[in-house]
Every structure is written in C-alpha cells, then in structure tokens.
Amino acid sequence: VGARRVHPAENRLELNDGLHLRLDNAHVQLDALKLQDAEGRPLLDLASLAADSQLELAPGIPLRLHGGRLQLSGLELHRPTPQPLLRVASLEANEAELDLAARQLSIGRLHSQGLEARAARETDGSLDWQTLLQGQLAALRSPPSGAEPPPSVAPSIAPAAAPAPAASPSAATPGSPAGTPQIVPAPWRVTVKDTQLRGWRAHLADRAVKPATPLEIGPLDID
C-alpha cells in the first residue's frame with residue numbers, strides 16, 4: 001500500500017524503423033510503502049522513495065539511463081524473527097549512468113546513513129537471505145487456499161517416430177559453428193566516484209560451525 005506519483009517533464013515517443021522511447025526528467029515518488037508476504041506478515045516497509053532519470057530505449061540499443069537520482073528513507077526488510085534483515089535510515093545516489101550493452105554502472109555520489117544488516121550462514125551452508133527468498137518464491141508459485149486444481153487432461157499417445165540419423169562429428173549445430181568458442185559476456189563494472197557512509201553496521205553469524213561464531217562490524221564511517 002502506498003502512493004505513487006509520476007511527473008514526466010518531457011516524454012517523446014518516436015516510431016521510425018522501430019520503437020524509440022525517450023523519457024527526459026521523469027520523476028517517480030513513493031510514500032509509505034508497505035509490503036506483506038504470502039501469509040500476511042510484514043515483508044518490507046519504506047517511508048519514502050524518489051527517483052529522477054533520463055531513459056532511452058531504441059531498436060538495437062539496450063536500455064540506457066542518464067543522470068539518475070535515487071533517494072530513499074526508512075527502509076526495513078523484515079523476516080520472521082523480531083530483528084529486520086536490513087534497515088536503512090537514508091540513502092541517496094546521484095549522477096547515475098547505466099549502460100546495459102557495456103554492462104557498466106557509474107554513480108557520481110553515494111551518501112548513506114544508518115544502514116544495519118544481518119546475515120547468517122546456516123548449518124547446511126546456505127545463507128538465511130537465500131532461504132527467505134526461496135520461501136517467498138515458493139509461496140508465490142503455490143495456488144491460493146481454496147483454489148480448485150486445474151482440470152486433468154487425458155494424455156494423448158502419438159505413434160513413435162523413426163529415430164533420427166546420428167549427426168556426424170563434423171556437423172555443426174545451428175547458431176554454434178563447429179570450432180567457434182562460446183562468447184562469455186564481460187563482467188559488470190560498477191564505479192562510485194564519491195562515497196560517504198555514516199553509521200553502517202553488520203551483524204553476522206556462522207551457524208555451520210560449533211559453537212556458532214558471531215561477528216559484529218561497525219559502526220563504520222567511510223569517505
């Protein structure tokens with residue numbers, strides 16, 4: 001539940017040899033956002049969020065973002081235990097540039113205050129964040145209570161097809177010529193030019209060892 005406002009100052013939609021979408025100085029604002037999980041328990045609270053950006057999408061050109069700005073306050077990511085997984089008092093990112101083709105993200109200024117995170121490694125080696133995410137995805141995939149199962153369809157039996165001739169070793173798979181190495185995409189490159197972090201804390205625990213080992217980090221002030 002929350003309020004959303006979109007204020008595009010100048011939007012253009014061009015149809016030339018395809019779809020060309022350009023949003024200049026688009027502004028989005030969310031106030032008092034609250035999300036619940038599939039069982040009605042608090043999942044995420046957000047006091048406010050504001051974003052400004054210039055977006056460009058054209059044929060053959062992946063999404064680009066110019067001059068992006070993100071500002072949020074009062075973020076809490078909940079879990080079944082009383083303490084939230086993540087709490088952020090305030091965060092502001094300015095002068096963000098995103099290029100999906102080049103796999104690059106640049107942030108001019110990143111200022112944050114009062115971030116507190118909790119994470120634990122369970123006895124099976126998985127992270128509690130991973131367990132929580134998998135549980136939420138499984139709940140979303142499951143049908144709601146009281147819903148009728150889909151009608152069963154009798155399977156159709158088709159005559160067996162003749163086996164296809166075995167491909168010769170020199171045959172090339174369509175789209176993957178023989179001898180052509182698979183292209184591995186370049187790793188993402190993220191740069192932050194100006195960083196100011198105040199009062200960051202991390203509460204870590206390793207339950208895979210006996211006895212469980214806690215690790216407290218912070219408060220951290222980084223410039």
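Aspartate 206 lies in strand E8, which covers residues 189–206, and it makes a convenient starting point for a walk through this structure, which is a predicted model. The side chain of aspartate 206 makes a polar contact with the side chain of arginine 121, at 2.9 Å. Not counting residues up to four places away in sequence, aspartate 206 touches Arg121, Ala212 and Thr213. Threonine 213 is also the residue of strand E9 that stands opposite aspartate 206, and that pairing leads to the way the strands are arranged here.

Strand E8 and strand E9, the latter made of residues 213–222, pair in the antiparallel sense over seven bridges, and the two form a hairpin with six residues between them. Strand E8 is also joined to E7 by 15 bridges, and in this pairing the strands run parallel. Within that parallel pairing the reader can look for serine 106, which stands opposite threonine 191 in E8.

The hairpin region holds two peptide bonds that deserve a careful look. In general, most peptide bonds are trans. The bond that joins lysine 210 and proline 211, however, is cis, with omega about -5°, and proline 211 is found in the loop between E8 and E9. A cis peptide bond also leads from glycine 218 to proline 219, where omega is near 5°, and proline 219 lies in strand E9 itself.

Stepping back to the whole chain, the secondary structure comes to one helix and nine strands, and reading along the sequence gives the pattern β-β-β-β-β-β-β-α-β-β. Of the contacts in the protein chain with a separation of 6 or more, 53% are between residues 24 or more positions apart. The chain has 223 residues, of which 19% count as buried, and it exposes about 15900 Å², with carbon and sulfur atoms supplying 60% of that area.

Where, then, do buried nonpolar residues gather? In soluble globular proteins, nonpolar side chains tend to be buried together. The largest nonpolar core in this model has 15 residues, and those that touch the most other members are Leu44, Leu46, Leu72, Leu75, Leu86 and Val88. Two or more residues of this core come from each of strand E4 (42–58), strand E5 (61–77), strand E6 (86–99) and strand E7 (104–121), with the largest share, four residues, coming from E6. Leucine 75 shows how such a residue is surrounded: leaving aside its neighbours within four places in sequence, it is in contact with Leu44, Asp45, Leu46, Leu86, Arg87 and Val88.

One of those contacts, aspartate 45, lies in strand E4. Aspartate 45 counts as buried because its relative accessible area is 18%, which is under the 20% cut-off. The side chain of aspartate 45 makes a polar contact with the side chain of histidine 78, at 2.9 Å, and the residues in contact with aspartate 45 beyond four places in sequence include Leu33, Lys34 and Gly74.

A useful companion to this residue is aspartate 99, found in strand E6. At 22% relative accessibility, aspartate 99 counts as partly exposed. A polar atom of the aspartate 99 side chain lies 3.1 Å from the backbone nitrogen of alanine 101. Beyond its neighbours within four places in sequence, aspartate 99 is in contact with Leu63, Arg64, Gln104 and Trp188. Aspartate 99 and leucine 65 are 34 residues apart in sequence, yet their C-alpha atoms are 6.8 Å apart in space.

The backbone also has some less usual angles, for most residues other than glycine have a negative phi. Alanine 32, in strand E3 (residues 19–36), has a positive phi of about 55°, and with a relative accessible area of 48% alanine 32 is partly exposed. Glutamate 95, in strand E6, has a positive phi near 55° as well, and glutamate 95 is partly exposed, with a relative accessible area of 45%.

Finally, how far should the coordinates be trusted? The protein chain averages a pLDDT of 76, and 66% of the residues score at least 70. Over residues 1–10 the pLDDT is below 50, although this stretch has 26 contacts in the model beyond near neighbours in sequence. Residues 168–173 also stay under 50, and for them the model has two contacts beyond four places in sequence. Where pLDDT is low, the predicted coordinates should not be read in detail.

Methods
Residues numbered from 1 in each chain as written. Predicted model: local features only at pLDDT ≥ 70, side-chain atom pairs only at ≥ 80, totals over all residues. Heavy atoms only, no water. Core = buried A, V, L, I, M, F, W, Y, C linked by side-chain atoms within 4.5 Å. Buried < 20%, exposed > 50% of the residue type's maximum accessible area, 1.4 Å probe, protein only. Contact = heavy atoms within 4.5 Å. Polar contact = N/O pair within 3.5 Å; in protein donor to acceptor, adjacent residues only side chain to side chain. pLDDT = per-residue confidence, 0-100. Areas by Shrake-Rupley, 256 points an atom, 1.4 Å probe, with all protein chains shown as cover. Pairing = 2+ DSSP bridges.
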